[in-house]
Amino acid sequence: MIKRLFYKPTRYEPVIPADSLTLSPDGIAGSIHAEPMRHVLIVPQSTLDEFGLTPGDLRENVVIDDSSFGGLHELPSGTVLGLGDVDIRLTIHCEPCPRMNPVVSDYRVLKDKRGYLGTITKGGTIKLGDLVVPKGVRYEAIPFDLKERILWYLDKQDSPVPVTTLVKEVGLSVSYCRVIPNVLRDLPKAKAKVLFAKDQAPT
C-alpha cells in the first residue's frame with residue numbers, strides 16, 4: 001500500500017508531500033526531469049523505521065508498505081510493480097551518496113536500502129492508500145554494480161557512444177563523466193566504445 005507521496009520541483013531542495021501524483025512514461029508531473037532509469041524512487045516504510053527516518057528524508061517519491069509481498073529490495077531488477085493503475089519497472093537500487101549524511105550516521109549504511117529506482121511503463125494517477133502489487137511481469141534485469149551495468153549497456157551498442165549518453169543511460173548524473181575513464185581503466189574493449197570529449201570532432 002502507498003503510505004506517502006512526494007515530488008521534486010527543484011533539484012537538491014526538500015521534496016514536497018502530495019496526496020496524489022500523476023505519472024507518465026516521461027516522468028512525474030511537477031518534478032524535475034529524470035532519466036528513464038530514475039523516473040521514480042520507491043522506499044519501503046521498513047527502511048525509514050530501521051534508521052529512524054522521517055518520510056521524505058531519502059528524497060523518495062513513494063513510501064510503501066511492502067509487507068504483503070516481502071522486502072522491496074529483494075525483488076529482482078526488471079520486476080514490474082503495480083501501484084494503483086500505474087506500472088513501474090524496477091531498475092536499480094538507488095546508490096546512497098554523501099548528501100545522505102545529514103539524516104544518517106554514515107551514508108554507506110544505506111547501501112541496498114535507500115530504495116528502488118524505476119521506469120514508468122504505464123502512466124496514470126496514484127494516490128495515498130493505493131495497493132502495491134508485483135504484476136508477475138519481468139523485463140531484463142539491469143546489473144546493480146556500476147561496472148557491470150556499464151558493460152551491460154555497452155555490449156548492446158553497435159557503435160561508440162558519447163560518455164554523456166553513457167552515464168545518462170546507466171542511471172548516473174553527468175558529473176560521473178569524469179570517473180568513467182577510471183571505471184574502464186582495465187577494460188580496453190569497453191573503453192573503445194565510449195567517446196570522450198577529446199575524441200569528438202568540434203562542431
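Okay, let's start with a pair of strands: β5 and β6 run parallel, and 3 bridges join them. β6 covers residues 62–64, while β5 is 40–44. If you want one spot to look at on screen, find Pro44, whose bridge partner in β6 is Ile64. Before I go on, keep in mind that this is a predicted model.

Now zoom out from that pair. β5 and β6 belong to an open sheet of 8 strands, and the order across it is β2-β1-β6-β5-β9-β8-β7-β11. The pairing in this sheet is mixed. So which strands stand at the edges? Those are β2, residues 16–18, and β11, residues 132–138. Each of them has a single partner strand, so one side of each has no neighbour in the sheet. And as you step from one strand to the next, the twist averages 35°.

There's another sheet to find. This one is open too, with 3 strands in the order β4-β3-β10, and here the pairing is antiparallel. Its edges are β4, at 27–28, and β10, at 124–127; each has just a single partner, so again one side of each is left without a neighbour in the sheet. β3 spans residues 20–24, and it pairs with β4 over 2 bridges in the antiparallel sense. One to look for is Ser24, whose bridge partner in β4 is Gly27.

Next up, the nonpolar cores. The largest one has 33 residues. Which of them touch the most other members? Ile150, Leu154, Leu166 and Ile180. Two or more residues each come from β5, from α2 (146–154), from α3 (163–169) and from α4 (180–183). So here's β5 again, the strand we opened with. The element that gives the most is α2, with 4 residues.

Let's click on Leu166 for a second. Leaving out residues up to four places away in sequence, Leu166 touches Ile150, Tyr153, Leu154, Val161, Ile180 and Val194. Ile150, Leu154 and Ile180 were on that list of best-connected core members, too. There is also a second core, separate from this one, with 22 residues, and among them are Ile2, Leu5, Ile28 and Tyr116.

Last topic: salt bridges. The count comes to 5, and I'll show you some of them. Take Glu50 and Lys113, whose side chains meet at 2.7 Å, N to O. Glu50 is in helix α1, residues 45–51, and Lys113 is in the loop between β8 and β9, so this pair ties together parts that are 63 residues apart in sequence. Are these two buried or exposed? Somewhere in between: Glu50 is partly exposed at 47% relative accessible area, and Lys113 is partly exposed as well, at 30%.

Then there's Lys156 with Glu140, a salt bridge at 3.1 Å, N to O. Lys156 sits in the loop between α2 and β12, and Glu140 in the loop between β11 and α2, so the parts being tied together are 16 residues apart in sequence. Lys156 is partly exposed, with 42% relative accessible area, and Glu140 is partly exposed at 41%.

One more, and then I'm done: Arg108 and Asp106 form a salt bridge at 2.8 Å, N to O. Arg108 counts as exposed, at 57% relative accessibility. Its partner Asp106 comes in at 23%, which counts as partly exposed.

That's my tour, thanks for listening!

Notes:
Residues numbered from 1 in each chain as written. Predicted model: local features only at pLDDT ≥ 70, side-chain atom pairs only at ≥ 80, totals over all residues. Heavy atoms only, no water. Core = buried A, V, L, I, M, F, W, Y, C linked by side-chain atoms within 4.5 Å. Buried < 20%, exposed > 50% of the residue type's maximum accessible area, 1.4 Å probe, protein only. Contact = heavy atoms within 4.5 Å. Pairing = 2+ DSSP bridges. Axes fitted to C-alpha atoms, helices over the stretch in contact; angles between N-to-C directions. Salt bridge = Lys/Arg side-chain N within 4 Å of Asp/Glu carboxyl O.
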